[in-house]
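Reader: I should like to learn how the features of a model such as this one are read. May we take them one at a time?

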Amino acid sequence: MTEAWWPDDDDTDRPLPSSVRVRVPAKINLHLGVGPLRADGFHELRTIYHAISLYDEVTARRGDTLTLTMEGEGAGDLALDESNLIIRAARALADTAKVAAHARLHLRKSIPLAGGLAGGSADAAATLVACDALWGTNLGRDELARIAADLGSDVPFLVHGGTALGTGRGEAVSPVLARAHVWHWVVGIADGGLSTPDVYRELDRLRSGPDGPAPLDDAGELMAALRQRDPAVLAAALGNDLQAAAISLRPALAEVLEAGRVAGALAGLVSGSGPTCVFLAAGAEDAARLAAELEKAGVCREVRVAHGPVLGARSV
Ligand code: ATP
């Protein structure tokens, strides 16, 4: 029997691009179940990731060394040295693919820093996709996701996007086969960030006390709600084990959630480790109305509307 033969899919004959621009979304967690602390210092997670239409953009151009510049959210505060996840992602890809890590990288940031929206992880995912195209390494999304897992728990999801179940420390992702449906969100951005490790430590502290918050069930109800495509049903199923800890560290978040409820949100929750809060609306018009009300309440630094799910890091 002859083996099936497929045309060679590699791009070696195609000239490499001189520049690649990649757009990458923020993530929220529709369900964030935090399990016990593991021996390696991470908590065991069961989460439903959801990519929403707030984007950062990473552009990679040819260069003789590896450099990073930026504009937008966090410019002036975010270190652009070897500690930056963008530089770490470029080096990790170059090491794996055995190429020189030469590129001029530029970040246009609109995802707030330390906001619980995984902006840093998003930038790392965008860099992997951009440099893979710039250098012609053509590793493909699954191999990029494997490199991503070493960079951070949320990075593999942001390579893929959509809506996905995350297990382990969040790095093991599998898509959730929700029928195509667009969900509408209002995003309330706070002044200043919250440190993710601090929020996990606060949850451990609260759980060690007599009235510690009860952990969420598995994500079964949330998965069923996604399939129903009814925003009121999804609203009732949203949950985040880190919310109590984020509010404990930043009590003003309770006022933001209350302002969203008064403004007519179907549900509101802290995004990941916070301090960003997200609110579910029934449709695009409701989201615009809710955003205007929330803005009037004056409890957020900035209010934006977004929808999801959207694709992960992609060239534009
Ligand atoms: P997490 O992914 O831990 O939930 P977050 O969404 O709350 O984080 P991020 O903006 O992703 O917050 O980043 C958290 C920290 O990561 C920042 O305070 C910063 O020190 C570091 N960091 C490194 N590279 C980046 C980057 N490109 N963008 C943002 N933060 C970065």
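Author: The discussion below moves from the overall chain to the ligand and then to the backbone. Please keep in mind throughout that this is a predicted model.

Reader: How many helices and strands are there in the chain?

Author: The chain contains 10 helices and 12 strands. Its radius of gyration is 20 Å, close to the 20 Å that the globule rule gives for 316 residues, so the chain is as compact as a globular protein of that length. Along the principal axes, the C-alpha trace spans about 60 × 55 × 45 Å.

Reader: Let us turn to the ligand. Which residues are the closest to the ligand?

Author: A residue is counted as near the ligand if one of its heavy atoms lies within 4 Å of it. Here 18 residues surround the ligand, and the closest are Ala-114, Gly-116, Ala-118, Gly-120 and Thr-196. The shell divides into seven nonpolar, eight polar and three charged residues.

Reader: Which helix gives the largest share of the shell around the ligand?

Author: That helix is α2, residues 119-134, which supplies four residues of the shell.

Reader: Which backbone atoms lie within reach of a polar contact with the ligand?

Author: A polar contact is a pair of N or O atoms within 3.5 Å. A backbone N or O atom of Gly-116 lies 2.9 Å from an oxygen atom of the ligand. For Leu-117, the corresponding distance from a backbone N or O atom to a ligand oxygen atom is 3.1 Å, and for Gly-119 it is 3.3 Å. Taken alone, the ligand exposes 600 Å², of which the protein buries 74%. The space that the ligand takes is the largest pocket.

Reader: What should one look for in the backbone itself?

Author: Most residues other than glycine have a negative phi, and most peptide bonds are trans. Departures from these patterns deserve a look.

Reader: Where does Ala-118 lie, and what is its phi?

Author: Ala-118 is located in the loop between β4 (103-109) and α2. Its phi is positive, about 60 degrees, although the residue is not a glycine. Ala-118 is also one of the residues closest to the ligand.

Reader: Which residues does a cis peptide bond join?

Author: One such bond joins Gly-274 and Pro-275, with omega about 5 degrees. Pro-275 is found in the loop between β9 (267-270) and β10 (277-281). The peptide bond from Gly-308 to Pro-309 is cis as well, with omega near 5 degrees. Pro-309 has its place in the loop between β11 (302-308) and β12 (314-315).

Notes. Residues are numbered from 1 along each chain as its sequence is written. This is a predicted model: local features need pLDDT of at least 70, side-chain atom pairs count only at pLDDT 80 or more; totals for chains, interfaces and linings use all residues. Side-chain values use heavy atoms; hydrogens and water are left out. A polar contact is a pair of N or O atoms within 3.5 Å; within protein, one must be able to donate a hydrogen and the other to accept it, and residues adjacent in sequence count only if both atoms are side-chain atoms. Accessible areas come from the Shrake-Rupley method with a 1.4 Å probe; for residues, only the protein chains shown count as cover. On a 1 Å grid over the protein atoms alone, a cavity is a set of points where a 1.4 Å probe fits but cannot get out, and a pocket is an open set with protein on both sides within 12 Å along at least five of seven lines; lining residues have an atom within 4 Å of a point. A molecule sits in a cavity or pocket if more than half of its atoms lie within 2 Å of its grid points. Helices (H or I, at least four residues) and strands (E, at least two) are DSSP runs, numbered from the N terminus. Ala, Val, Leu, Ile, Met, Phe, Trp, Tyr, Cys and Pro count as nonpolar, Asp, Glu, Lys and Arg as charged, and the others, Gly among them, as polar. The radius of gyration is taken over C-alpha atoms; the globule rule is 2.2 Å times the number of residues to the power 0.38.
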